[in-house]
Amino acid sequence: MKYCTRCVLPETHETIIFDENGVCNVCLNNDKKNNISWDKKLEDFKNLVAQYKNKNEYDCIVPFSGGKDSTFTLYKLVNDFKLKPLVVSFNHGFMRKNLLENNNRTFEALGIDHLSFKPNWKLVQLLMKESLIRKGDFCWHCHTGIFAYPMRVAVEKKIPLVIWGEPSSEYTAYYSYDGKEEVDEKRFNRFVNLGISSEDMYGMIKQRKNTEWVKKSHFLPFTFPSRKEMMENKIRSICLGSYIPWNVRSQSKIISEKLGWKGDKVEGVPGNYSYEKIECSVQGVRDYLKYIKRGYGRTAHLVSIDIRNNRLDRETGLGLVNDNDGKKPASLKRFLKYINTSEQQFNEIASEQKIHPYNHEFSSTIEGEPLPDENLYN
Ligand SMILES: [Zn+2]
């Protein structure tokens, strides 16, 4: 496989292209961060929020998972910008113990109102299996719910400003750092819903056995509000990271100090990256699937961010990738029970989605260690 000569992303990464020196477009896009006039952006942000402050019951909605990005966003908006947000969480069903404890501490420390929504587990089981079969990615309910549900609340409660955390240009090249990224329906269809609308998903599920009970209305939490609904309610949906420079390491430090936020061990990830993706007890399975399809895992993603931001040299990064990526996670066994699928079937489904030129060797796959909290979720 061909790899970026600066970071460690391979040619199978979504949206990647290389320049004549072999440097990828995510790296090149990241360089633009340094040319942005952040003072001006901050002014823009202040002017923007001033238009919404003290106009409604809530100044804005903050979609919240409890990970480092949404926690930092909430902290910043309440502490620095003195906003009164409604915090909205979509509970995908796999929230870990440490995360829930973090959330409690954060909400109490900042003094905010919190709304949490957990969709029907029976439907979630069906959606995970369908999404895995169709796309080799079982997280359709989570991708769509996390983005669509807070927007539905914005429409229903008539709260016209939604503020997300990091912009996608940190990780992919769907949007450029100097362009305007709004979290809208276009973005949703472009890379959130895996190319499956909730209407299509409803049709697919109805073709399966024993799904008479499934109604179209079950899919509302996974459906992004229409353009008409967004326009009528004049809803704006933006990323804080488009207005202030995003630095995951220093931000994790701030929320640890100010809110007692704690990181956690994540399957297939070195211990010094304990701030990343701590919200899901099957994150390891998700990363393993990606590895089978694309030949790189979460460690490659994490070290690439550090290399790009001059916090790590490429050689050390490659060493970490070799030691951590590609292991079979202990949580796979539990996950397979949720969707009533054998490991053989799982491997076949994942292999069907592989991205050329990667080819996964199951016989040489090493088994990963279970997380300390794995047995809590059985
Ligand atoms: Zn790169």
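I took as donors the N, O and S atoms within 2.8 Å of the metal. The model I examined is predicted.

**Zinc site**

I looked up the zinc ion and found its protein donors to be the SG atoms of Cys-4, Cys-7, Cys-24 and Cys-27, at 2.3 to 2.4 Å. I then read the angles that the 4 donor atoms subtend around the zinc ion; they run from 103 to 115 degrees, so the arrangement is tetrahedral. Along the chain, I noted the donor spacing as C-x2-C-x16-C-x2-C. Cys-4 and Cys-24 link distant parts of the chain, 20 residues apart, and each lies in the segment before α1 (25-31). I recorded both Cys-4 and Cys-24 as buried.

**Aromatic rings**

I next turned to ring contacts, for which the count comes to 21 aromatic pairs. I singled out Phe-90 and Phe-117, a tilted pair with 6.2 Å from centre to centre and 40 degrees between the planes. Because Phe-90 belongs to strand β2 (residues 85-90) and Phe-117 to strand β3 (residues 113-117), this pair ties together parts that are 27 residues apart in sequence. I checked the exposure of each partner: Phe-90 is buried, at a relative accessible area of 4%, whereas Phe-117 is partly exposed, at 23%. Following the ring pairs onward, I traced a cluster that links Phe-90 and Phe-117 with Trp-140, Tyr-149, Tyr-202, Phe-219 and Phe-222.

**Charge over a ring**

Finally, I looked at Lys-84 and Tyr-58. I found the charged end of Lys-84 over the ring of Tyr-58, at 4.6 Å from the ring centre.

Methods:
Residues numbered from 1 in each chain as written. Predicted model: local features only at pLDDT ≥ 70, side-chain atom pairs only at ≥ 80, totals over all residues. Heavy atoms only, no water. Phe/Tyr/Trp six-rings, centres within 6.5 Å; stacked < 30°, edge-to-face > 60°. Helix = DSSP H or I, 4+ residues; strand = E, 2+ residues; numbered from the N terminus. Buried < 20%, exposed > 50% of the residue type's maximum accessible area, 1.4 Å probe, protein only. Lys NZ or Arg CZ within 6 Å of the ring centre and 35° of its normal. Donors = N, O, S within 2.8 Å, 3.2 Å for Na, K, Ca; no water. Tetrahedral: all angles 85-135°; square planar, octahedral: opposite > 155°, others 65-115°.
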